[in-house]
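Subject: The structure I promised you

Hi,

Here is the structure we talked about, so please open it up and keep it on screen while you read. My notes on what turned up follow just below.

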Amino acid sequence: MQNCRCFDSIRSMESMKRSVTCGELRAADLEKEVILNGWVHRNRDHGGIQFINLRDRYGLTQVVIDQDAPELLRNAGAGLKPEYCIAVRGRVRARPDGMKNAEMLTGDIEVAASQIRVLSTSEVPPFVIDERSDAKDDLRLRYRYLDLRSFSMQRKIKLRHEVMLSVREYLSGEGFYEIETPSMIRSTPEGARDFLVPSRLHPRKFYALPQSPQLFKQLLMVSGFDRYFQLAHCFRDEDARGDRQPEHTQIDMEMSFVGRDDVFKVIEGLFSFVFGRCLNVQLETPFARISYHDAMNRYGSDKPDLRFGLELQDFAEFVPKAEFAVFQKVLESGGAVRVLKAESCGSYSRKQISDLEETAKIYGAGGLAWMKVTDEGLEGGISRFYEGVAAEIIAAYQAKPGDLLLFVGADWQTACTALGAVRSRLGNELSLIDSSLFRFAWIVDFPLFEWNEDEHGWDAAHHMFSMPQEQYLETMESNPGEVKGDLYDLVCNGFELASGSIRIHDPELQKRVFKIVGFSEEEAQRRFGFLLEAFRYGPPPHGGIAPGLDRLVMIMAGESSIREVIAFPKNAVAVSPMDGSPAEVDEQQLRDLGLRISSESAPAGGHGEGTDVSNSDA
RNA sequence: GGGGGCGUGGCGAAGUUGGUUAUCGCGCCGGCCUGUCAAGCCGGAGAUCGCGGGUUCAAUCCCCGUCGCUCCCGCCA
């Protein structure tokens, strides 16, 4: 009966249900008769004695089959392969002196097997299920259910669960209701492209999957719910990027009768609670506040990594004092020259500097100018232009021999962004980052409008329901570029963790914003007349924010991709290698929907699937 | 939409300035082994070097195309 190769050994487990998990036995449990259920992690057969590490989500327990065990049992043990799902009955005993394993929580004990039942066998898995599995992401996603068996993935999924649970606990305690909003809504003109869902009942019509519950949560404020949150799935049909998924999860929130600081206080309380509960980390509150302008100016990013300094500084005052035409022209055309002092990088080779320049160029810089600080003054790069003011420059930036000065001259935005990228790279290269830190900050005072070069008009920088700051209300039309909004981002360690705003609840002000971004009254009525209508019935002042759950958990888990904290993510091109989505559908399904695939939209290089659908229905 | 990188047994990699048995580790199979815990030792199987075309006496290597994956820029409030 214990011959695992016999089919009839795979049977009901009714008499072999676990009495303990694989993570809980300790020295205090000696002599207990236990039943374990789990997967064969490793099977070490020493000829006479066999050791089987049995794994479940709680841990590992060493099962032993002794030399003098019945032959039937020894044979069964010998046949156990990795990932077989088995049940083991046995007695807990102490490991001999010197054989204890301090690395294992259950390392003081072992279970001497008296009965083994194979619950199911396993083919040889495509990769070893182990902490240090070196399988590539593509393969891990193809067999995600196996990847998820590893302790490292189980830890991250557990952390995600605990974060979600503590978010609910905290917000509920603060008077927030969790309210679900529809997953099938009208397509509304927000930033990204919508995923569309064709309606069979209403041919030619489509639902859209929400990019966020934005309009609905504002309606809930009109309804008087006052404090709302939801762990909401959000869908965006945008081009894939490594840090992006077509669907992601937000901790979506909205509050009535609040200003910006009220929102900040709730979030600071929430994050403190979540980090304390899930990581036992105490966050310092209130979080720092940095204006968008300062963030760009000092760190070259609107989501700066504040775990290290290396701040950007201005070089404009020295430009007129030297005959370096490149920088002079930049300033004449209204641009900026920014400088970064890379301490002790004076030994960088031309190759290393040229690599840094490549980084700067990716973000639009024409080049990366440099000078080395030596005992004699400034050397190399563009230093010959600045010989006359070398001492002044060294003093102004408190540069020391061995330092490297790096410069980008361009329009302000480009200069900051490009040098900011160099800053980030140096932060990593020079190991300036303490990865155990969580450095939060609010980024505030974002511009409300952005100039769209292509369409030659103003766009809403965030979305068009965000409130302009009061001091700009008079001049909003005459100078849209100057208007700061009641917008805010929460950043942590170089990631944008949340984004939100105080909303416009005054229909007249809303109309003015629509007009500035070239959104006609008719268009507004057509696309979200329901929201505008609602605002005719006493809307409360309100505002909100939406932390990204995936990124939050990613940062807490110390990972660098949100794929690592999503149970079943898509890959970098928005495909699921496991279930094969997206995929073609049956002809009949298309017919029911009144849809036909046009051959123009068939995949390039056509393998035929796309065109088949089209032809068969033509 | 644009640019870079990668594709070699089940997995991860090495390799060839183009030369005939394609290497290593892990895994797998068989054997040995009484205390291991990434067990050890011995033996073995397993690869049309992503696919198609081209150059060449000869292509895994060079060229072109293509597919797949991946990173970055744009885009994504």
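Let's begin with the lining of the largest cavity: sorted by class, this lining has five charged residues, one nonpolar and no polar ones. Keep in mind that this is a predicted model.

Which residues are they? The largest cavity is lined by Asp-137, Arg-140, Leu-141, Arg-144, Arg-563 and Glu-564. Helix α2 gives the most to that lining, with three residues. As for volume, the largest cavity comes to about 40 Å³. When the whole structure was searched, one cavity of 30 Å³ or more was found. If you wonder how one looks for such a thing, rolling a probe the size of a water molecule over the atoms shows where empty space is left.

Now for the RNA. How many residues surround RNA strand B? There are 52 of them, and the closest are Gly-191, Arg-241, Ala-461, His-462 and His-463. Of the atoms of RNA strand B that come within 4 Å of the protein, 54% belong to sugar and phosphate. By class, the surface near the strand divides into 19 charged, 18 nonpolar and 15 polar residues.

You can also ask which elements build that surface. β1 (33-45), β2 (50-56) and α2 (137-142) each supply at least two of its residues, and β1 gives the most, with three. So you meet α2 twice on this tour: in the surface near RNA strand B and in the lining of the largest cavity.

Three side chains are worth clicking on here:

- Arg-42: an N or O atom of its side chain is 3.2 Å from a phosphate oxygen of RNA strand B.
- Asn-571: here too the partner is a phosphate oxygen of the strand, with a side-chain N or O atom at 3.4 Å.
- Asp-134: its side chain has an N or O atom 3.5 Å from a sugar or linking oxygen of RNA strand B.

One last stop is Ile-116, which you'll find in strand β5 (residues 109-120). Is Ile-116 buried or exposed? It counts as buried, because its relative accessibility is 2% and the cut-off for buried is under 20%. Try finding Ile-86 as well: it sits 30 residues from Ile-116 along the chain, yet the C-alpha atoms of the two are separated by 7.1 Å.

Have fun looking around!

Methods
Residues numbered from 1 in each chain as written. Chains lettered and ligands numbered in written order. Predicted model: local features only at pLDDT ≥ 70, side-chain atom pairs only at ≥ 80, totals over all residues. Heavy atoms only, no water. Near = heavy atom within 4 Å. Polar contact = N/O pair within 3.5 Å; in protein donor to acceptor, adjacent residues only side chain to side chain. Helix = DSSP H or I, 4+ residues; strand = E, 2+ residues; numbered from the N terminus. Nonpolar A, V, L, I, M, F, W, Y, C, P; charged D, E, K, R; others polar. 1 Å grid on protein atoms, 1.4 Å probe; cavity = no way out; pocket = protein on both sides within 12 Å on 5 of 7 lines; lining within 4 Å. Points joined across faces, edges and corners; volume = space filled by probe spheres on them. Buried < 20%, exposed > 50% of the residue type's maximum accessible area, 1.4 Å probe, protein only.
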